[in-house]
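Student: Hi! Could you walk me through how this model is packed?
Tutor: Happy to; let's open it up.

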Amino acid sequence: KKTTSKRSLKINTKDSSKSKESPPHQFEVYKLRKIGDLRMIGCMNEKGFAEIGGVFNRRNYKKAKLQIKFKKRRIKVHNSRRVWNCELFPPQSIVDPIRMKVQWQEIHKNSASKKMGNLKLFKYDTLQEDDADIPVSDYVGLSRHEFFDAMLCVARVVGDDDGVNGTGTGLVTRKSKAKNPFEFSVDMVQDKRTSMIAQKKKDAADGDLYVHLHEFVTQYLYEFVYRNDAVLHAYLHDTEIAEEVKQKLRSSVTVLVKLFKKFSSLSRDQTHTTKHELELGVDEWCAMAVEMCNAAESVDRGVWKHGGRPTMDEIAECFVLSKNEELINDDEICFVEFQRCLLYFANICFKQCPDATYQVLPFLAKLDLVLKWGQKLESQKLKFTSANLYKSDTLTKIKRIKSMHHNLLDRKNSNSGASFA
């Protein structure tokens, strides 16, 4: 049931998984919140202690698979994750709480043994929207019907061939100078808010809204999104990589490991750890991708002359898409996810789009180029700080731009009296 998404759960400390940092009254508190149709996020005791993420079973919403990532432990264990297989049970009477049974196992990548155990949880209280650890404003997701409503809204914004000054309400048309129809500013949307409300009433009467949706799907979604995803789907299905691609990655694994270690160590001293103990953040990944694009120019000076270079937004999207669905809220990715991230990155280089001014290459050819750029980047000497850490001017620039962007948004929100997450 969807009502099980906002709840606070407690567990008796007699269970074998009890922590010494548990709250008083001999209970540990688990907070869980549902996002969209399937996703679930939460925390144990507090967000700084352990984070929870996972998905519901698509065929049975009473069951879910979650993973816990501990942040505070008496003994620090690298890459230790606890997997939960959960099932909800309805109360037997009106005074009984909703209960959850959990079978868990703790997996260490560098260990053959697995810890296992069982939990019995009960619903203690409703999780408030402004909860200090997982406020609803920080975790926004769309259910299926909300997704289709959003598509209708975007179809009205993207518009038709009449353009902004015509009879249509489109902000970006096929005649626009923008190469990507999704590249329009928030200010443009706000300026058209009044006319959109009036157009919404008109669309409801004559059915033009659904004509806009059809045109949006066939002319934009298919051309700019689906065609590229379909190409990658042949080589990467969910988290499973095709054997042909695996062989290419194995042939360059030494270079990839060195790159992964260098960029994941930019902000902390991890030069003596193994690839299984490192994790890569989104800023570090963006810095690596940008520097690979720059390294491509040193291999072929005119490689981006006619376009095809990924944007920063597209590079950041590769990072999100590479994650496991249970760990979508994690701030970092491991080496296995990093390899998937490279595949998404290769796919957006010289991607298929209408009227492309560059040569659209096959996926395997683009992957060969990316691995070649990575080898070129790894051979370059990186700068070091006084603390013997790797230094990247690109990473510094990315963080500075993000900080300026956040400050600008904060000022706009404070001036308008609104708050957005």
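**Helix packing and cores**

Tutor: In this predicted model, the axes of helix 4 (residues 208–233) and helix 9 (residues 335–348) come within 10 Å and cross at roughly 135 degrees. Helices here are DSSP runs (H or I, at least four residues), numbered from the N terminus.

Student: How is helix 4 set relative to helix 9, parallel or oblique?
Tutor: The crossing angle makes helix 4 oblique to helix 9. Angles under 35 degrees count as roughly parallel, over 145 as roughly antiparallel, 65 to 115 as roughly perpendicular and the rest as oblique.

Student: Which residues make the contact?
Tutor: Helix 4 contributes Asn-228, Asp-229, Val-231 and Leu-232, while helix 9 brings Leu-343, Tyr-344 and Asn-347. Contact means heavy atoms within 4.5 Å.

Student: Switching topic, what about the largest nonpolar core?
Tutor: That core has 52 residues, and Trp-285, Met-288, Phe-338, Phe-345 and Trp-373 have the most contacts inside it. A nonpolar core is a set of buried (under 20% relative accessible area, 1.4 Å probe, protein chains only) Ala, Val, Leu, Ile, Met, Phe, Trp, Tyr and Cys residues joined through side-chain atoms within 4.5 Å.

Student: Which helix gives the largest share?
Tutor: Helix 7, with 10 residues.

Student: And what does Trp-285 touch?
Tutor: Beyond neighbours within four places in sequence, its contacts are Leu-280, Ile-315, Cys-318, Phe-319, Phe-338, Cys-341, Leu-342 and Phe-345.

Student: Any caveats?
Tutor: Residues are numbered from 1 along each chain as its sequence is written, and side-chain values use heavy atoms, without hydrogens and water. Local features need pLDDT of at least 70 and side-chain atom pairs count only at pLDDT 80 or more, while totals for chains, interfaces and linings use all residues.

Technical notes. Axes fitted to C-alpha atoms, helices over the stretch in contact; angles between N-to-C directions. Helix = DSSP H or I, 4+ residues; strand = E, 2+ residues; numbered from the N terminus. Buried < 20%, exposed > 50% of the residue type's maximum accessible area, 1.4 Å probe, protein only.
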